[in-house]
There are 2 protein chains.
Amino acid sequence: MKLTTLSTEERIIKAASKIFISKGYAGARMQEIADEAGINKAMLHYYYRSKDKLFRVIALASFKEIIPRIGHLIEKDLPLLEKLAAIVDTYLTTFKSNPNLPLFILNELTQQGDEFIDELKAQVAELPRFEYLFAQIQKEVEDGNIRPVLPFHLLLTTMSMTIFPFVCRPVFTGLIGVTNSQYDEIIGSRKEHIVAFLTHALKT
Amino acid sequence: MKLTTLSTEERIIKAASKIFISKGYAGARMQEIADEAGINKAMLHYYYRSKDKLFRVIALASFKEIIPRIGHLIEKDLPLLEKLAAIVDTYLTTFKSNPNLPLFILNELTQQGDEFIDELKAQVAELPRFEYLFAQIQKEVEDGNIRPVLPFHLLLTTMSMTIFPFVCRPVFTGLIGVTNSQYDEIIGSRKEHIVAFLTHALKT
DNA sequence: GTCTATAGCTGGATAGAC
DNA sequence: GTCTATCCAGCTATAGAC
């Protein structure tokens with residue numbers, strides 16, 4: 001159990017990730033990142049020239065870690081329902097260990113300008129080719145294996161059911177009287193619900 | 001077509017809503033709100049003492065407008081699927097005319113502190129009593145009218161399918177090559193998809 | 001590389017004339 | 001009520017010693 005064996009640079013990245021992902025770009029403060037890393041502000045600028053540069057390192061790294069995970073799943077040769085289940089499982093696993101990430105991504109994707117998006121697209125090796133998934137869905141419909149459904153709707157529905165619970169937690173824990181552990185339980189049993197739901201909804 | 005017949009106070013509210021809801025509390029600037037309203041910063045402080053106060057007026061008003069809309073639906077005496085369809089329709093209609101609202105709400109509910117949540121709870125006349133909906137779902141399951149499902153999962157799924165598309169738009173329009181009008185079409189046909197999906201997924 | 005001190009600016013808030 | 005001018009705190013960023 002090594003405690004502070006991390007290099008300064010690693011500590012900065014770790015601290016900046018935590019602060020940026022929980023507070024967002026506009027809400028984050030360089031001072032808070034420095035405190036979290038156990039150094040001072042000057043160090044942040046020494047390693048990464050500006051708040052903006054540091055943010056991009058963090059944000060791009062986060063995005064680049066998520067995107068390929070489902071990217072390669074999509075092109076895999078798997079039966080449709082198994083593939084959807086694998087996508088659901090990947091998202092759930094990823095976000096369970098980083099519950100603030102979904103809101104962060106959605107937020108910065110809407111707030112940051114086009115240059116940011118372009119930089120992201122340029123850096124991500126390969127964006128998921130959803131056409132591949134859409135074609136597979138289309139074929140299943142045509143073969144009569146599943147109920148007719150617009151492929152994009154099915155993708156959107158699958159992603160919605162899986163990711164939205166992570167971003168709407170405060171609606172239930174804050175406003176309605178759901179406790180955090182009750183909510184964790186729901187998230188824990190989410191996969192079974194989603195897979196069962198998809199299975200029955202697609203049955204011919 | 002009255003152009004500037006609005007009182008200063010109305011103009012401030014309108015401008016502040018626009019800026020706060022699209023940029024969030026941390027990202028909004030008083031100067032930008034003043035510009036949008038066609039006045040100067042001093043006026044903002046004259047009417048609402050601080051950024052914080054102004055924000056609360058806007059945020060609480062937004063929340064208070066949304067919450068009761070489904071609150072009363074939930075306790076209505078309607079068959080389950082019709083009730084779910086009505087909830088879906090209400091959300092879709094509300095957010096189609098204010099597409100930034102969902103992300104704003106989710107965001108501020110996670111960013112703002114407990115005092116904000118408490119103030120919100122105190123001001124909202126009545127929070128939706130989901131127990132009522134849960135009991136109805138439970139009964140339908142017990143009567144064998146729908147497939148067994150945990151009531152909270154069903155609510156979460158319904159809300160997810162309906163609201164998430166509004167917050168994940170930039171994922172598809174920014175990263176994947178979906179155009180905004182294509183995405184609007186999807187949102188336009190969303191209700192039919194969701195209702196059909198729910199119907200088939202719940203069939204015994 | 002790491003620190004302290006501080007410059008420089010942005011943005012929220014106020015004073016005071018009209 | 002509305003404006004201009006200005007203050008001042010907080011934050012990003014840099015200078016310079018060690």
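**Exercise 1.** Which group of DNA strand D lies 3.2 Å from a polar side-chain atom of A:R29? Working with this predicted model, identify that group and then set out further polar contacts to the phosphates of the strand.

*Solution.* Begin with A:R29, of which a polar side-chain atom is placed 3.2 Å from a phosphate oxygen of DNA strand D. Turn next to A:K51, where a polar atom of the backbone lies 2.7 Å from a phosphate oxygen of the strand. Then take chain B, in which a side-chain N or O atom of B:T8 is found 2.8 Å from a phosphate oxygen of DNA strand D. Each of these distances can be held against the cut-off for a polar contact, a pair of N or O atoms within 3.5 Å.

**Exercise 2.** Describe the protein surface around DNA strand D by its residues and its helices.

*Solution.* There are 15 residues around the strand, and those that come nearest are A:K41, A:K51, B:T8, B:N40 and B:Y47. By class, the surface divides into 7 nonpolar, 4 polar and 4 charged residues. In terms of helices, α3 (41-47) of chain A and α3 (41-47) of chain B each supply at least two residues, and α3(B) gives the most, with 4 residues. On the DNA side, 61% of the strand D atoms within 4 Å of the protein belong to sugar or phosphate, the rest to bases.

**Exercise 3.** Determine how chain A and chain B are related.

*Solution.* A turn of 180 degrees, with a shift of 0.0 Å along the axis, lays chain A on chain B with an RMSD of 0.0 Å. The two copies are therefore related as by a two-fold rotation axis. In chain A, the C-alpha nearest that axis belongs to A:A201, at 2.0 Å.

Methods
Residues are numbered from 1 along each chain as its sequence is written. Chains are lettered from A and ligands numbered from 1 in the order in which they are written. This is a predicted model: local features need pLDDT of at least 70, side-chain atom pairs count only at pLDDT 80 or more; totals for chains, interfaces and linings use all residues. Side-chain values use heavy atoms; hydrogens and water are left out. Copies are superposed by least squares on the C-alpha atoms of residues with pLDDT of at least 70 in both. A residue is near a molecule or strand if one of its heavy atoms lies within 4 Å of it. A polar contact is a pair of N or O atoms within 3.5 Å; within protein, one must be able to donate a hydrogen and the other to accept it, and residues adjacent in sequence count only if both atoms are side-chain atoms. Ala, Val, Leu, Ile, Met, Phe, Trp, Tyr, Cys and Pro count as nonpolar, Asp, Glu, Lys and Arg as charged, and the others, Gly among them, as polar.
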